[in-house]
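Here is a short report on one protein chain and its two ligands. Please read it alongside the structure below.

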Amino acid sequence: MSPRRLWFLLRWLVFYNAELVWLCWRLPRHIPPGAALPPDSDARRRQAHAELAAATARHGGICAACGRCCLEEVDRFTPFDQLVRARSASPAPSADRRLYSVPWMAWNALSHTAQRLPGRSQQAPLPPCPYVGTEGCRLPRVERPMVCVSWFCLHLALVMIPADMDAAEAPLRAIEALHREAVRAARAAITGPPAPP
Ligand code: SF4
Ligand code: SF4
């Protein structure tokens with residue numbers, strides 16, 4: 001494996017997602033009603049979504065053929081989407097933090113394991129994401145939850161060509177920055193702005 005690919009795997013599959021779990025844990029349990037990022041934040045999110053769509057365009061068929069990411073029943077809109085889009089013309093329609101909750105992840109892994117046990121194959125699968133349509137996701141890319149455009153599975157990361165990995169870096173950093181800013185905004189809405197020096 002090339003150092004470039006190893007860096008991408010560590011940076012965007014391991015560190016990025018581990019940090020999201022940590023950031024979600026730092027979010028207040030109840031997001032204060034006034035908490036939001038500045039209005040231009042959603043434009044940054046939209047631009048990052050568009051750039052990531054371009055960076056992954058040649059691999060769209062892989063996800064379309066697999067589709068596994070869209071088969072979980074958990075809502076992909078999180079409080080991060082809620083905070084980034086709160087002052088935009090297209091606020092997030094919902095906010096569910098289970099996706100980054102360690103107990104939910106453990107439960108989900110266990111339930112998938114149980115479904116694969118002998119004799120359980122006839123069990124009705126859980127309903128997929130409500131935005132799945134017959135042709136895939138019904139949401140335009142810029143309207144999708146941030147996780148839907150910034151998540152790379154190992155398989156996808158192993159087939160990306162270096163030029164696409166390079167093109168994905170800047171928009172991934174933009175989305176990463178929005179997550180960090182969302183936590184700061186939510187916590188500041190509770191504690192108030194820092195005292196002047
Ligand atoms: S990111 Fe990976 S697991 Fe998810 S749909 Fe694409 S190929 Fe499948
Ligand atoms: S919002 Fe769209 S891309 Fe995201 S999980 Fe649902 S169907 Fe898939």
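Helix 5 has 14 residues and spans 20 Å from its first C-alpha to its last. That is close to the 20 Å expected at 1.5 Å a residue. The helix is hardly covered: zero of its 14 residues are buried. Its residue range is 102–115. As this is a predicted model, these values describe a prediction.

**Overall build**

The chain holds eight helices and two strands. Their order along the sequence is α-α-α-α-α-β-β-α-α-α. The C-alpha trace spans about 60 × 40 × 30 Å along its principal axes. How does the radius of gyration of the chain compare with that of a compact globule? For 197 residues a compact globule would have a radius near 16 Å, and the chain has 18 Å, so the two agree. Buried residues account for 25% of the 197 residues. Of the contacts between residues at least 6 apart in sequence, 80% join residues at least 24 apart.

**The nonpolar core**

The largest nonpolar core has 31 residues. Leu-83, Ala-182, Ala-185 and Ala-186 have the most contacts inside it. Five elements give two or more residues to this core: helix 1 (3–26), helix 2 (41–55), helix 4 (79–85), helix 6 (146–150) and helix 8 (162–191). Helix 8 supplies the largest share, eight residues.

Ala-182 is a good place to look inside the core. Setting aside residues up to four places away in sequence, Ala-182 touches Leu-37, Phe-80, Leu-83 and Val-84. Ala-186 also appears among the contacts of Leu-27.

**Loop residues and a helix residue**

Leu-27 sits in the loop between helix 1 and helix 2. Is this residue buried or exposed? Leu-27 is buried, because 21 other C-beta atoms lie within 10 Å and 20 or more are needed. Beyond its neighbours within four places in sequence, Leu-27 contacts Pro-79, Val-183 and Ala-186.

Ala-86 belongs to the loop between helix 4 and helix 5. It counts as buried, with 21 C-beta neighbours inside 10 Å. Ala-86 touches Ala-36 and Pro-91, leaving out residues up to four places away in sequence.

Pro-145 is in the loop between strand 2 (136–137) and helix 6. With 25 C-beta neighbours inside 10 Å, Pro-145 counts as buried. Apart from neighbours within four places in sequence, its contacts are Arg-76, Phe-77, Thr-78 and Asp-81.

Ala-43 lies in helix 2. It has 11 C-beta neighbours inside 10 Å and therefore counts as exposed, since the limit for that class is 12 or fewer.

The table pairs each of these residues with a partner elsewhere in the chain.

| Pair | Apart in sequence | C-alpha to C-alpha |
|---|---|---|
| Leu-27 and Pro-103 | 76 residues | 16 Å |
| Pro-145 and Ser-94 | 51 residues | 10.0 Å |
| Ala-86 and Pro-39 | 47 residues | 8.0 Å |
| Ala-43 and Arg-58 | 15 residues | 24 Å |

**The ligand shells**

Which residues surround ligand 1? The shell consists of Ile-62, Cys-63, Cys-66, Gly-67, Arg-68, Cys-69, Cys-153, His-155 and Leu-156. Helix 3 (60–66) and helix 7 (154–159) are the elements that give two or more residues to it. Helix 3 provides the largest share, three residues. By class, the shell around ligand 1 divides into six nonpolar, two polar and one charged.

Ligand 2 is surrounded by Cys-69, Cys-70, Arg-76, Cys-129, Tyr-131, Val-132, Cys-137, Leu-139, Arg-144, Pro-145 and Cys-148. Its shell has nine nonpolar residues, no polar ones and two charged. Cys-69 is listed around ligand 1 and also around ligand 2.

Pro-145 links two parts of this account. Buried by its count of 25 C-beta neighbours, Pro-145 is one of the residues around ligand 2. Arg-76, among its contacts, is in the shell of ligand 2 as well.

Definitions and conventions. Residues are numbered from 1 along each chain as its sequence is written. Chains are lettered from A and ligands numbered from 1 in the order in which they are written. This is a predicted model: local features need pLDDT of at least 70, side-chain atom pairs count only at pLDDT 80 or more; totals for chains, interfaces and linings use all residues. A residue is near a molecule or strand if its C-beta atom, placed from the backbone, lies within 6 Å of it. Ala, Val, Leu, Ile, Met, Phe, Trp, Tyr, Cys and Pro count as nonpolar, Asp, Glu, Lys and Arg as charged, and the others, Gly among them, as polar. Helices (H or I, at least four residues) and strands (E, at least two) are DSSP runs, numbered from the N terminus. The radius of gyration is taken over C-alpha atoms; the globule rule is 2.2 Å times the number of residues to the power 0.38. Two residues are in contact if their C-beta atoms, placed from the backbone, lie within 7 Å. A nonpolar core is a set of buried Ala, Val, Leu, Ile, Met, Phe, Trp, Tyr and Cys residues joined through C-beta atoms within 7 Å. The expected span of a helix is 1.5 Å times one less than its number of residues.
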